[in-house]
Amino acid sequence: MEKIIPHCLCGSRKVKKLFSSGEYTIMECLACGQVRTESSDKEKRKNFYGAADISVYIEKEAMFRQLFGHVIAFVKRNLASGKLVDVGAGVGLLVNEAIKAGFDAIGFEPSKVSVVAAKKYFGISLLSTLFDKRKVKSVDGVVINHVLEHVENPKILLSDVADSILANGYLFIGVPNFGSFMAQLKKGRWQSLIPDQHWWHFTLSTLDALIIPFGFQRVGATYENHDRAMHPWWKRPIYGILDTMALATGKGEAMLIAYKKL
Ligand SMILES: [Zn+2]
């Protein structure tokens, strides 16, 4: 089968191979350093958009509410109230937490199954597309949480999102951190690599390079690590030390970044 070599977000086709993960190859752009997944199989690439698994949100609702509560707490540190939009809202739990925290919040979700589940299980109405700037003008903040890495062309989405945010408004982006200790240590076995779903793998600097040209300035960052409870007890102390160091140095496995519109 013909090998597909798409170009980078910067337009360059020059790449170097970093490592393999199963049938996928993780490539780094030689021009800008952006890392991406490549697959030789066209059908596999369609899976990058992977339909959300609804059952996990219903079974682990409390855990997700806690996670999204942390996201909203981070939002609150920058933006106290106002019109907040969640892009890729899943079953609407983050929107619900935002409303509870006093925001005028709405969500967009491209998966019809998720939109139906949001209404059925949680009573939350979502707009059934990834984003539509005609439907949300003059917003104070937009959250794009663990969505950007799934989108084939994030620049199209970000351009529309930037248009809808007021001057001095905020964009909050949550993505796995390819620059984390664990990503660098585990490479193709890193828990958040998920090459069959993640098109792009961001570090803080490649995320900045993508977002800042749309008229933003980075104003905040917070990091998280995966729960280590699944590791054997004798490995936990070393992971505990690594985790503490990682969070202190911006090397945590997930990053949540605040950008302010100029
Ligand atoms: Zn590039």
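Along the chain, the donors of the zinc ion follow the spacing C-x1-C-x18-C-x2-C. The model described here is predicted. This briefing covers the zinc site, its cysteines and the nonpolar cores.

**Zinc site**

- Four cysteine sulfur atoms coordinate the zinc ion, namely the SG atoms of Cys8, Cys10, Cys29 and Cys32, at 2.2 to 2.4 Å.
- The site of the zinc ion is tetrahedral, with angles of 102 to 114° among its four donor atoms.

**Exposure and pairing of the cysteines**

- Cys8 counts as buried because its relative accessibility is 2%, under the 20% limit.
- Cys29 is likewise buried, with a relative accessible area of 2%.
- Cys10 counts as partly exposed because its relative accessibility is 41%, a value between the limits of 20% and 50%.
- The count of disulfides comes to zero, where a disulfide would require a pair of cysteine sulfur atoms within 2.5 Å.

**Nonpolar cores**

- The largest nonpolar core holds 33 residues, of which Ile144, Leu148, Leu171, Ile173, Leu207 and Ile211 touch the most other members.
- Two or more residues of this core come from each of the strands β4 (83-87), β6 (139-145), β7 (165-176), β9 (216-224) and β10 (254-261), and from each of the helices α6 (154-164) and α8 (204-211).
- Another core, of 29 residues, lies apart from this one and includes Ala89, Phe103, Val143 and Ala258.

**Contacts of Leu148**

- Beyond its neighbours within four places in sequence, Leu148 is in contact with Pro154, Leu157, Leu158, Ile173, Val175, Trp200, Phe202, Leu207, Leu210 and Ile211.

Key. Residues numbered from 1 in each chain as written. Predicted model: local features only at pLDDT ≥ 70, side-chain atom pairs only at ≥ 80, totals over all residues. Heavy atoms only, no water. Donors = N, O, S within 2.8 Å, 3.2 Å for Na, K, Ca; no water. Tetrahedral: all angles 85-135°; square planar, octahedral: opposite > 155°, others 65-115°. Buried < 20%, exposed > 50% of the residue type's maximum accessible area, 1.4 Å probe, protein only. Core = buried A, V, L, I, M, F, W, Y, C linked by side-chain atoms within 4.5 Å. Helix = DSSP H or I, 4+ residues; strand = E, 2+ residues; numbered from the N terminus. Contact = heavy atoms within 4.5 Å.
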